[in-house]
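Colleague: I should like to go through the cysteines and the annotated site in this protein. Could you show me the structure?

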Amino acid sequence: MICGMQLSRCVGESRNHMQKGGSRSSKTFKPKKNIPEGSHQYELLKHAEATLGSGNLRMAVMLPDGEDLNEWVAVNTVDFFNQINMLYGTITDFCTEESCPVMSAGPKYEYHWADGTNIKKPIKCSAPKYIDYLMTWVQDQLDDETLFPSKIGVPFPKNFMSVAKTILKRLFRVYAHIYHQHFDAVIQLQEEAHLNTSFKHFIFFVQEFNLIDRKELVPLQELIEKLTSKDR
């Protein structure tokens, strides 16, 4: 969507920087997940981009008339994955095993990784490792046609909303880590407007459909109140 498209320029610059510096592999930077052109989901994405262009984020997240909620959540979840993927991709030089030995969102919040399949017992790991696990896991869910069907007429599974909620909850943690641990780098790269717009869009979306428990949002509660208070 709009913030995602704006970010592509910064990402290109960041990739060039990483290639020149060679200080860190960009393996955490996942390939963009594309929605097939001509599909109904592609049309929904175009609708969302047009609404976002008006600048009214509250309106942009609302379910379009006559549309399926699962499909709307699916399209937006893919887009948020792409946005967060790009945002994190620009700051990987600053998020290293040395600088971020644990995955945290400030001194009070630390995240341990488990996916329930390969890693059943939560493990403590560095932020870059955690985010690599997280983004790989999300990408696997998005690529699974039984969970995220892209073809018209293929129904969403009964557990779709539960899976989408888990994805969004985990993507929030990447925002939380960037804001708490790397905001200076974001300012240095002049990306704070992109980050704030993307996060505000994300928060309006999850609030509109009640997709993340309030307790999960606590690490960024003050920021959420600040960003959303003007639009009430």
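Modeller: Here it is; please note that this is a predicted model, and we can take the cysteines and then the annotated site.

Colleague: How many disulfides does the count come to?

Modeller: The count comes to 0 disulfides.

Colleague: Why is there no bond at Cys95?

Modeller: The closest cysteine sulfur to that of Cys95 belongs to Cys100 and lies 3.9 Å away. A disulfide requires the two sulfur atoms to be within 2.5 Å, so this pair is too far apart for a bond.

Colleague: Is Cys95 buried or exposed?

Modeller: Cys95 is buried, because its relative accessibility is 0%. Cys125 is buried as well, with a relative accessible area of 10%.

Colleague: Which residues does the "binding site" annotation cover?

Modeller: In the unreviewed UniProt entry, that annotation covers Cys95, Cys100, His177 and His182. These residues span 88 residues in sequence, but no two of their C-alpha atoms are more than 9.9 Å apart, so they gather at one spot.

Colleague: Where do Cys95 and His177 lie?

Modeller: Cys95 is in the loop between helix H4 (69–90) and strand S1 (103–104). His177 belongs to helix H6, which comprises residues 160–188.

Colleague: And His177, buried or exposed? What does His177 touch?

Modeller: His177 counts as buried, at 0% relative accessibility. Leaving aside residues up to four places away in sequence, His177 touches Cys95, Cys100 and His182, among others. Its contacts also include Met103, Ser104, Ala105, Ala127 and Ile131.

Definitions and conventions:
Residues are numbered from 1 along each chain as its sequence is written. This is a predicted model: local features need pLDDT of at least 70, side-chain atom pairs count only at pLDDT 80 or more; totals for chains, interfaces and linings use all residues. Side-chain values use heavy atoms; hydrogens and water are left out. Buried means under 20% relative accessible area, exposed over 50%, partly exposed in between (1.4 Å probe, protein chains only). UniProt positions are given in the numbering used here, feature names are shortened, and annotations may be inferred rather than shown by experiment. Helices (H or I, at least four residues) and strands (E, at least two) are DSSP runs, numbered from the N terminus. Contact means heavy atoms within 4.5 Å.
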